[in-house]
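Here is a report on one protein structure, written for a first look. Keep the sequence and the 3D view side by side as you read.

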Amino acid sequence: MKHFRKELWFEVPVRRAFINITPNVEQCIAESGITEGIVLVNAMHITASVFINDDEQGLHHDYEVWLEKLAPEKPHSQYRHNGFEDNADAHMKRQVMGREVVCAITGGQLDFGTWERIFYGEFDGKRRKRALVKIIGE
Ligand code: ZN
């Protein structure tokens with residue numbers, strides 16, 4: 001069995017954003033030389049997510065509105081976690097959107113449905129953060 005590991009780094013200039021990282025993961029699969037196996041992609045921070053959905057700007061706007069209803073960023077004082085930090089909402093948004101995805105690799109490609117794309121969801125940006133890509137297979 002072969003294995004491959006790589007970190008993807010991000011420095012999002014705003015607090016919240018969704019970034020399509022499908023091409024980055026496809027590049028990792030190509031670099032790994034693995035054609036049949038599994039790829040895990042996970043955020044390495046507790047205020048960021050990795051998830052799969054549609055690459056459609058309207059939907060991403062809807063996510064932002066929905067997540068702000070569930071866990072509004074402000075007022076910061078509404079959260080016990082805040083005080084030393086101001087990112088309680090980011091922890092909660094990440095919890096809803098998930099930590100990781102696991103995808104099948106078949107014939108050297110992501111074995112995806114038509115509209116599936118992998119996203120890095122940033123909820124507390126303006127600093128360097130990373131996601132892990134781990135691939136196993138043959
Ligand atoms: Zn925090």
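The text below covers the metal site, a sheet, one buried residue and the nonpolar cores.

**The metal site**

This is a predicted model. In it, a zinc ion is held by four residues: His81, Glu85, Asn87 and His91. Their distances to the metal run from 2.0 to 2.3 Å. Both histidines use atom NE2, while Asn87 offers OD1 and Glu85 offers OE. Along the chain, the donors follow the spacing H-x3-E-x1-N-x3-H. Two of these donors, Asn87 and His91, are buried.

What is the geometry of the site? The angles among the four donor atoms span 79 to 153°, and the site is irregular. To count as tetrahedral, all angles would have to lie between 85 and 135 degrees. For comparison, the ideal angle for four tetrahedral donors is 109.5 degrees.

**The three-stranded sheet**

Strands S2, S7 and S4 make an open sheet, in the order S2-S7-S4. Their pairing is antiparallel. S2 and S4 are the edge strands, each with a single partner, so one side of each has no neighbour in the sheet. On average, neighbouring strands here are turned by 30° against each other, direction ignored. S4 and S7 pair over six bridges. Asn53 stands opposite Arg117, a residue of S7.

| Strand | Residues |
|---|---|
| S2 | 17-20 |
| S4 | 48-53 |
| S7 | 117-122 |

**A buried asparagine**

Is Asn42 buried or exposed? Asn42 counts as buried because its relative accessibility is 3%; the cut-off for buried is under 20%. Asn42 belongs to strand S3, which covers residues 37-43. Beyond residues up to four places away in sequence, Asn42 touches Val50, Arg99, Glu100, Ala131 and Leu132.

**The nonpolar cores**

In soluble globular proteins, nonpolar side chains tend to be buried together. The largest nonpolar core here has 23 residues. Ile21, Val25, Val39, Val41, Val50, Ile118 and Ile135 touch the most other members. Several elements each supply at least two residues of this core, including strand S1 (2-11), helix H1 (22-32), strand S5 (100-106) and strand S8 (128-137). S3, S4 and S7 do so too.

Take Val39 as an example. Leaving aside neighbours within four places in sequence, Val39 is in contact with residues including Val25, Ile29, Val101, Leu110 and Ile135. Lys134 is also one of its contacts.

Another core lies apart from the largest one. This other core has eight residues, among them Phe18, Tyr63, Met97 and Phe123.

Note on methods: Residues numbered from 1 in each chain as written. Predicted model: local features only at pLDDT ≥ 70, side-chain atom pairs only at ≥ 80, totals over all residues. Heavy atoms only, no water. Donors = N, O, S within 2.8 Å, 3.2 Å for Na, K, Ca; no water. Tetrahedral: all angles 85-135°; square planar, octahedral: opposite > 155°, others 65-115°. Buried < 20%, exposed > 50% of the residue type's maximum accessible area, 1.4 Å probe, protein only. Pairing = 2+ DSSP bridges. Helix = DSSP H or I, 4+ residues; strand = E, 2+ residues; numbered from the N terminus. Axes fitted to C-alpha atoms, helices over the stretch in contact; angles between N-to-C directions. Contact = heavy atoms within 4.5 Å. Core = buried A, V, L, I, M, F, W, Y, C linked by side-chain atoms within 4.5 Å.
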